[in-house]
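Here are a few questions to work through with the model open beside you. Take a look first, then read on.

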Amino acid sequence: MEYEKGYVYQLMDRGGPTDTRESYFREAVEEMMRARTLCARANAVLPDDPSYVGYLEELFGRKLDDVRILTPFICDFGNRVKFGKGVFINHSAILSASGGIEFEDGAMAAPGLRIATINHDMNERHTRYTYGKVLVKKNAWLGMNVTICPGVTIGEYAVVAAGAVVTKDVPAYAVAGGVPARVIRMQDPSEQREA
């Protein structure tokens, strides 16, 4: 069967499922290889050499003059990640981005961020996948070694504590932590400053 270009991404945007045995999945495989190659090139450049940013700009298809990403860095679907202004992602992030990831203005992440937007079918785990977009809203702060699971939204100005595994949405101005993450307390919105 013939599928139109971009059909696999339409399925991902709907949450799936996709099937790796179908011909439409070839487009996803090509993007994964392109993304992995560009990340490998960026990571091969010494960190004090700013030329690595050029590979990341090619990966995301945009200038990164208002975004800072430190290497090493891994992302498997550069075409599925969106950045607002003033985003900072510290080293050793892994973005499994097929379901879509968006970082709004001023979002920041400490070293070791892990975001998953894909999951495997319980019975056909080698061939069928489901998806859930991850949204990190304005001025949210993700601590060291945070893991965010598919379909989660991190609210504006929320803080996620180091080592947390986030399986459900975190409200705006919340401080969340733990495994699985839960709200520990709320911040006073009047005390927050723009990034």
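**Sheet, helix and core**

In this structure, E10 and strand E11 (residues 128-131) pair in the antiparallel sense over 3 bridges. Keep in mind that this is a predicted model, where local features need pLDDT of at least 70 and side-chain atom pairs count only at pLDDT 80 or more, while totals for chains, interfaces and linings use all residues. Residues are numbered from 1 along each chain as its sequence is written, and side-chain values use heavy atoms, leaving out hydrogens and water.

Q: Which residue in E11 is the bridge partner of Ile 118?
A: Strands here are DSSP runs of E with at least two residues, numbered from the N terminus, as are helices (H or I, at least four residues). Two strands pair if DSSP finds at least two bridges between them. For Ile 118, the partner in E11 is Tyr 131.

Q: What are the edge strands of the open sheet with the order E1-E11-E10?
A: The sheet has 3 strands with antiparallel pairing. An edge strand pairs on one side only, and that picks out E1 (18-19) and E10 (118-120).

Q: Within what arc do the buried residues of H3 fall?
A: In H3 (residues 52-60), Tyr 52, Leu 56, Glu 57, Leu 59 and Phe 60 are buried (under 20% relative accessible area, 1.4 Å probe, protein chains only). The arc is taken from the directions from the helix axis to the C-beta atoms. Seen down the axis, these residues line one face of H3, because they fall within an arc of 155°.

Q: Which residue just after H3 takes a positive phi?
A: The phi in question is about 65°. The residue is Gly 61.

Definitions and conventions. Buried < 20%, exposed > 50% of the residue type's maximum accessible area, 1.4 Å probe, protein only.
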